Amino acid sequence: MSQLNNPSQWTTGGDAPTDKQKSFISTLASSKNASVDPDQLNKSEASAKINELKNQPTQNADASAGQPIQDPSTWSTGDDKATGRQMGYVAVMAKKAGESVPSEMGKTEASQKIEELKGKTGM
């Protein structure tokens, strides 16, 4: 078996998962009605969880980002890095809208982008 097919043998397998892994896990978990905290996984575990989730049947095909709880411009943490879930929503909707996916955003910016893309994609 190739090392690429065995994440537990990766040199960096014990490192924290990448932002892309965390976003993808959050998006997959939402569509599968699964509860997963990607911040509790390492790269190797995240890769295995992605494969596991990809092979499960979709439970929630209409999973959407939902409405923000309050006005994002008033968030005290609005300038903090967007959450993995936010970046996952942005990535899925931007792709559907034919837009490029930003590599980094703040929480407020991501929330506003999600609302914009929801209007463009109908998601």
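**Helix H3 and its surroundings**

In helix H3, the residues that count as buried are Gln86, Met87, Gly88, Tyr89, Val90, Met93 and Ala94. The model described here is a predicted one. The buried residues of H3 pack against two other helices, namely H1, residues 19-31, and H4, residues 107-121. Helix H3 itself covers residues 84-97, a run of 14 residues. At 1.5 Å a residue such a helix should span 20 Å, and the end C-alpha atoms of H3 are 20 Å apart, so the two values agree. Just after H3 comes Gly98, which takes a positive phi of about 75°.

The setting for H3 is a protein with four helices and zero strands. Read from the N terminus on, the order of elements is α-α-α-α. The protein has 123 residues, of which 34% count as buried. Contacts between residues at least 6 apart in sequence were also examined, and 68% of these join residues at least 24 apart.

The largest nonpolar core has ten residues in all: Ala82, Met87, Tyr89, Val90, Met93, Ala94, Met105, Ala110, Ile114 and Leu117. Two elements, H3 and H4, give two or more residues to this core. H3 provides the largest share, five residues. One member of the core, Leu117, shows how its surroundings are made up. Not counting residues up to four places away in sequence, Leu117 touches Val90, Met93, Ala94, Ala97, Glu99 and Gly122. A second core, separate from the one above, has seven residues, and among them are Ala29, Leu41, Ile50 and Leu53.

Helix H2 spans residues 43-54 and has twelve residues. From its first C-alpha to its last, H2 reaches 16 Å, which is close to the 16 Å expected at 1.5 Å a residue. Its buried residues are Ser44, Ala46, Ser47, Ile50 and Leu53. H1 is included in what covers these buried residues of H2.

The loop between H1 and H2 contains Leu41, a residue already named as part of the second core. Leu41 has a relative accessible area of 18%, and the cut-off for buried is under 20%; Leu41 is therefore buried. When neighbours within four places in sequence are left aside, Leu41 is in contact with Pro17, Ile25, Val36, Ala46 and Lys49. One of these contacts, Ala46, is also among the buried residues of H2. The C-alpha atom of Leu41 is separated by 8.9 Å from that of Asp15, although the two residues are 26 residues apart along the chain.

Asn33 is also placed in the loop between H1 and H2. Its relative accessibility is 55%, and because exposed means over 50%, Asn33 counts as exposed. Asn33 has a positive phi of about 55° although it is not a glycine.

Two further exposed residues have a C-alpha separation listed with a residue distant in sequence. Gly14 is found in the segment before H1 and is exposed, with a relative accessible area of 62%. The C-alpha atoms of Gly14 and Lys43 are separated by 6.1 Å, and these residues are 29 residues apart along the chain. Asp79 has its place in the loop between H2 and H3. Its relative accessibility is 78%, so Asp79 counts as exposed. From the C-alpha atom of Asp79 to that of Glu109, 30 residues apart along the chain, the separation is 8.1 Å.

Empty space was examined last. Such space is shown by rolling a probe the size of a water molecule over the atoms. In this model the largest pocket holds about 630 Å³ of space. It is lined by 26 residues, and those closest to its centre are Asp19, Lys20, Ser23, Met87 and Gly88. H1 and H3 each supply at least two residues of this lining. By class, the lining has ten nonpolar, seven polar and nine charged residues. Two of the residues closest to the pocket centre, Met87 and Gly88, are also among the buried residues of H3. Met87 belongs to the largest nonpolar core as well.

Note on methods: Residues are numbered from 1 along each chain as its sequence is written. This is a predicted model: local features need pLDDT of at least 70, side-chain atom pairs count only at pLDDT 80 or more; totals for chains, interfaces and linings use all residues. Side-chain values use heavy atoms; hydrogens and water are left out. The expected span of a helix is 1.5 Å times one less than its number of residues. Buried means under 20% relative accessible area, exposed over 50%, partly exposed in between (1.4 Å probe, protein chains only). Contact means heavy atoms within 4.5 Å. A nonpolar core is a set of buried Ala, Val, Leu, Ile, Met, Phe, Trp, Tyr and Cys residues joined through side-chain atoms within 4.5 Å. On a 1 Å grid over the protein atoms alone, a cavity is a set of points where a 1.4 Å probe fits but cannot get out, and a pocket is an open set with protein on both sides within 12 Å along at least five of seven lines; lining residues have an atom within 4 Å of a point. Grid points are joined across faces, edges and corners, and a volume is the space filled by probe spheres set on the points. Ala, Val, Leu, Ile, Met, Phe, Trp, Tyr, Cys and Pro count as nonpolar, Asp, Glu, Lys and Arg as charged, and the others, Gly among them, as polar.
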